[in-house]
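Colleague: I am new to this structure and would love a close look at one part of it. Please start from a single residue and work outwards from there.

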Amino acid sequence: MAEKKAIEIQGDMIFRLSRKRSPQEVKLKSLEWAVVTQLNGEKTVEQIADILALSEEETQEIFSHLMNEGLLELVRAPEEATFIDPQLLSDLEYQLKLHVGPVASVILDDALAELHKNRQNLERKFLPVLVEILSQEISNPRKRREFQKYALDKIMELYKS
Amino acid sequence: MIETYFPELTRLPGVEAVVLFDNQKKVRDQWTIPQFNTTIIPELAESYIQIFGVSDRLKEATQEVVVPFERGILFARNLEKFVIVIVARLSVEISLLRLILEVRVPDFLEDRKIAKMGKRIPASKFDQINEFSLDEKEVNFIQQLTGTAHGGKEGN
């Protein structure tokens with residue numbers, strides 16, 4: 001009996017059907033078939049779950065089963081695995097410096113440490129909370145908002161790409 | 001209105017609905033993805049007006065309420081005369097929603113058209129229990145009652 005691996009399925013993963021094994025070789029439930037028909041190498045797990053109105057639990061269970069049966073090939077890995085460009089952090093640091101002065105570097109490193117991260121390993125999903133922590137260090141509301149506006153533009157650019 | 005003042009919310013992957021209503025439960029604008037069941041919107045308005053109404057009444061000044069549900073989160077922000085509710089997938093970062101609102105809400109509230117609209121909306125939430133206080137006679141009466149009660153206990 002093949003050993004089953006625990007796979008964490010994440011919403012931004014993209015799969016396509018494996019060329020090595022056909023779904024017809026495996027006994028699948030109707031919902032699993034429904035997922036199989038949606039796999040096109042473009043739709044994310046989250047999009048498929050939306051279309052089929054699957055709960056988080058069902059999504060995890062179905063994709064894990066299909067994966068364990070060797071029916072899926074990963075097209076795109078979860079985004080959490082990709083770190084943000086350290087240059088972006090330097091840009092934020094520069095903006096923070098304009099409002100709080102040279103202490104900005106220390107504040108940034110402290111904030112990263114609070115998140116158990118450093119300048120090289122910060123995932124995109126942590127960026128908004130980092131901005132939230134940094135913003136609290138700017139006491140002037142107008143300046144704080146300027147900084148938040150700048151950071152928001154940068155974050156939204158990441159979502160476009 | 002939502003697309004004008006909160007454009008990032010409508011572009012953010014995972015956001016399914018954004019509803020803006022006033023504190024009288026009237027939906028002022030809504031934006032949803034096509035699959036979203038819009039029939040729940042009046043219920044959302046009612047629930048959050050109740051929650052923020054009680055909070056205002058108790059002077060707790062609750063600004064934000066985030067409730068998780070099976071497929072996502074309900075994020076609501078009290079803007080005094082308006083309430084904005086965002087329905088999003090669990091993958092959406094709450095801190096990002098908060099950041100968008102921190103940046104966009106001041107522009108929204110300061111806009112002349114919105115400020116004019118706000119002037120016509122009562123300050124207290126729909127069905128909000130009014131403040132009440134005891135008048136002098138009632139205070140005296142209660143003091144007498146409690147005084148008697150204490151007296152009775154001491155007497156025993």
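**One residue and its surroundings**

Modeller: Gln38(A) is found in helix 1, residues 30–38 of chain A (helices, H or I with at least four residues, and strands, E with at least two, are DSSP runs numbered from the N terminus). Before we go on, please keep in mind that this is a predicted model, in which local features need pLDDT of at least 70 and side-chain atom pairs count only at pLDDT 80 or more, while totals for chains, interfaces and linings use all residues. Residues are numbered from 1 along each chain as its sequence is written, chains are lettered from A and ligands numbered from 1 in the order in which they are written, and side-chain values use heavy atoms, with hydrogens and water left out.

Back to our glutamine. Gln38(A) counts as buried because its relative accessibility is 15% (buried means under 20% relative accessible area, exposed over 50%, and partly exposed in between, with a 1.4 Å probe and protein chains only). Leaving aside neighbours within four places in sequence, Gln38(A) is in contact with Lys43(A), Ile48(A), Ile51(A) and Leu52(A), where contact means heavy atoms within 4.5 Å. With Lys43(A) there is also a polar contact between the side chains, at 2.5 Å (a pair of N or O atoms within 3.5 Å; within protein, one must be able to donate a hydrogen and the other to accept it, and residues adjacent in sequence count only if both atoms are side-chain atoms).

Now let us widen the view to the nonpolar cores. A core here is a set of buried Ala, Val, Leu, Ile, Met, Phe, Trp, Tyr and Cys residues joined through side-chain atoms within 4.5 Å. The largest one has 68 residues, and the members that touch the most others are Leu127(A), Leu130(A), Leu9(B), Tyr48(B), Ile86(B) and Leu97(B). Helix 4 of chain B, residues 94–110, supplies the largest share of this core, 8 residues. A second, separate core of 17 residues includes Ile48(A), one of the residues that Gln38(A) touches. Phe15(A), Ile62(A) and Leu71(A) are also among the residues of this second core.

Let us cross over to where the chains meet. In all, 19 residues of chain A are in contact with 20 residues of chain B. The two chains bury about 1,900 Å² between them, 58% of it on carbon and sulfur atoms; that area is the accessible area (1.4 Å probe) that two parts lose on being put together, summed over both. The interface also holds 5 salt bridges, a salt bridge being a side-chain nitrogen of Lys or Arg within 4 Å of a carboxyl oxygen of Asp or Glu. In one salt bridge the side chains of Glu46(A) and Arg89(B) meet, with N to O at 3.2 Å. Counting pairs with both residues at pLDDT 80 or more, there are 6 residue pairs in polar contact between the chains. On chain A, the elements that give two or more residues to the side touching chain B are helix 2 (45–51), helix 6 (127–135) and helix 7 (141–160). Helix 7 gives the most, with 7 residues. By class, this side of chain A has 10 nonpolar, 2 polar and 7 charged residues (Ala, Val, Leu, Ile, Met, Phe, Trp, Tyr, Cys and Pro count as nonpolar, Asp, Glu, Lys and Arg as charged, and the others, Gly among them, as polar).

Salt bridges are worth following further, with 20 found over all chains. Arg104(B) and Glu8(B) meet in one, at 2.6 Å from N to O. Arg104(B) lies in helix 4 of chain B and Glu8(B) in helix 2 (residues 7–11), so this pair ties together parts that are 96 residues apart in sequence. Glu8(B) counts as buried, since its relative accessibility is 3%. Helix 4 turns up again with another pair: Glu64(B) forms a salt bridge with Arg98(B), the closest N and O atoms being 2.8 Å apart. Here Glu64(B) sits in strand 3 (residues 64–69) of chain B and Arg98(B) in helix 4, 34 residues apart. Glu64(B) is partly exposed at a relative accessible area of 23%, and Arg98(B) is partly exposed at 22%. These two residues also belong to a network of salt bridges that links them with Glu132(A), Arg77(B) and Glu102(B).
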